[in-house]
Amino acid sequence: EGEADSFMFSELTTESIVVPESFSLAGKTLAELKVASRFHVMVLGLEHEGEQSQNPSGDQRILAGDRLLVLGVPSCNRAFRNWFDADSGETMPPMAAAPSV
């Protein structure tokens, strides 16, 4: 078991996050954004212009206005959401530490 696997299932929550129109990295794929390794969240679904898809692949592009359904511990979900809210047009944030129990 790795450090990122050291939490209980009961600690996981889902959250719906809307990609803001001002998101500077819109158009990048989930793989390019390294969402799972940067934030320790899993994108379970994506809604784009009213069309929903479950378990999007790494080559799925994230666009402004998309709604993402993410699974993670609350602190990781919050960090991911805050990344969109605080986007300053700079490069991607450094890799986050695995969530602690």
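Is Met42 buried, exposed or partly exposed? Met42 counts as partly exposed, at 48% relative accessibility. The close-ups below come from a predicted model.

**View 1. Met42 sits in strand β2 and touches residues of another stretch of chain.** Met42 is found in strand β2. Leaving aside residues up to four places away in sequence, Met42 touches Leu69, Val70 and Leu71. Val70 belongs to the covered face of β4, while Leu69 and Leu71 belong to the uncovered one. Asn77 is 35 residues from Met42 in sequence. In space, the C-alpha atoms of Met42 and Asn77 are 9.3 Å apart.

**View 2. Four strands make an open sheet.** The strand order is β1-β4-β2-β3. The pairing is antiparallel. At the edges stand β1 (13-18) and β3 (51-54). Each has a single partner strand, so one side of each lacks a neighbour in the sheet. From one strand to the next, the twist averages 20°. Strands of a sheet pair through backbone hydrogen bonds.

**View 3. Strand β4 pairs with β1 and with β2.** Strand β4 covers residues 67-72. β1 and β4 run antiparallel and are joined by 6 bridges. Ile17 has Leu68 as its bridge partner in β4. Ser16 has Leu69 as its bridge partner there. Strand β2 (residues 42-48) also pairs with β4 in the antiparallel sense, over 5 bridges. Here Leu46 has Leu68 as its bridge partner. Leu68 is thus a bridge partner of Ile17 and of Leu46.

**View 4. Helix α3 packs on the sheet.** The helix touches β1 and β4. The direction of α3 makes about 5° with that of β1. Strand β4 has two faces, one covered and one uncovered. On the covered face are Leu68, Val70 and Gly72. On the uncovered face are Arg67, Leu69 and Leu71.

**View 5. Phe39 and Phe80 form a tilted aromatic pair.** How many aromatic pairs does a search of the whole structure find? The search finds 7. In the pair of Phe39 and Phe80, the ring centres are 5.1 Å apart. The planes make an angle of 55°. Phe39 lies in helix α2 (residues 35-39) and Phe80 in helix α3 (residues 74-85), so the pair ties together parts 41 residues apart in sequence. Both Phe39 and Phe80 are buried. The two also belong to a cluster linked by ring pairs. Its members are Phe23, Phe39, Phe80, Trp83 and Phe84.

**View 6. Glu15 and Arg81 form a salt bridge.** A search of the whole structure finds 3 salt bridges. In this one, the closest N and O atoms are 2.2 Å apart. The pair links distant parts of the chain. Glu15 is in strand β1 and Arg81 in helix α3, 66 residues apart. Which side of the buried limit does Glu15 fall on, with a relative accessible area of 19%? Buried means under 20%, so Glu15 is buried. Arg81, at 28% relative accessibility, counts as partly exposed. Side chains of opposite charge can pair when their charged atoms come close.

**View 7. Arg61 and Glu32 meet in a salt bridge.** The distance from N to O is 3.8 Å. Arg61 lies in the loop between β3 and β4, and Glu32 in helix α1 (residues 30-33), so the pair ties together parts 29 residues apart in sequence. Arg61 counts as partly exposed at 44% relative accessibility. Glu32 counts as partly exposed at 38%.

**View 8. Glu47 and Arg67 join strands β2 and β4 through a salt bridge.** Their side chains meet at 3.7 Å, N to O. Glu47 is in strand β2 and Arg67 in strand β4, 20 residues apart. Glu47 is partly exposed, with a relative accessible area of 24%. Arg67 counts as partly exposed at 39% relative accessibility. Arg67 is on the uncovered face of β4. The two strands that hold this pair are themselves paired over 5 bridges.

Key
Residues are numbered from 1 along each chain as its sequence is written. This is a predicted model: local features need pLDDT of at least 70, side-chain atom pairs count only at pLDDT 80 or more; totals for chains, interfaces and linings use all residues. Side-chain values use heavy atoms; hydrogens and water are left out. Rings of Phe, Tyr and Trp (its six-membered ring) pair if their centres lie within 6.5 Å; planes under 30 degrees apart count as stacked, over 60 as edge-to-face and the rest as tilted. Buried means under 20% relative accessible area, exposed over 50%, partly exposed in between (1.4 Å probe, protein chains only). Two strands pair if DSSP finds at least two bridges between them. Axes are lines fitted to C-alpha atoms, for helices over the stretch in contact, and angles run from 0 to 180 degrees between N-to-C directions. Contact means heavy atoms within 4.5 Å. A salt bridge is a side-chain nitrogen of Lys or Arg within 4 Å of a carboxyl oxygen of Asp or Glu.
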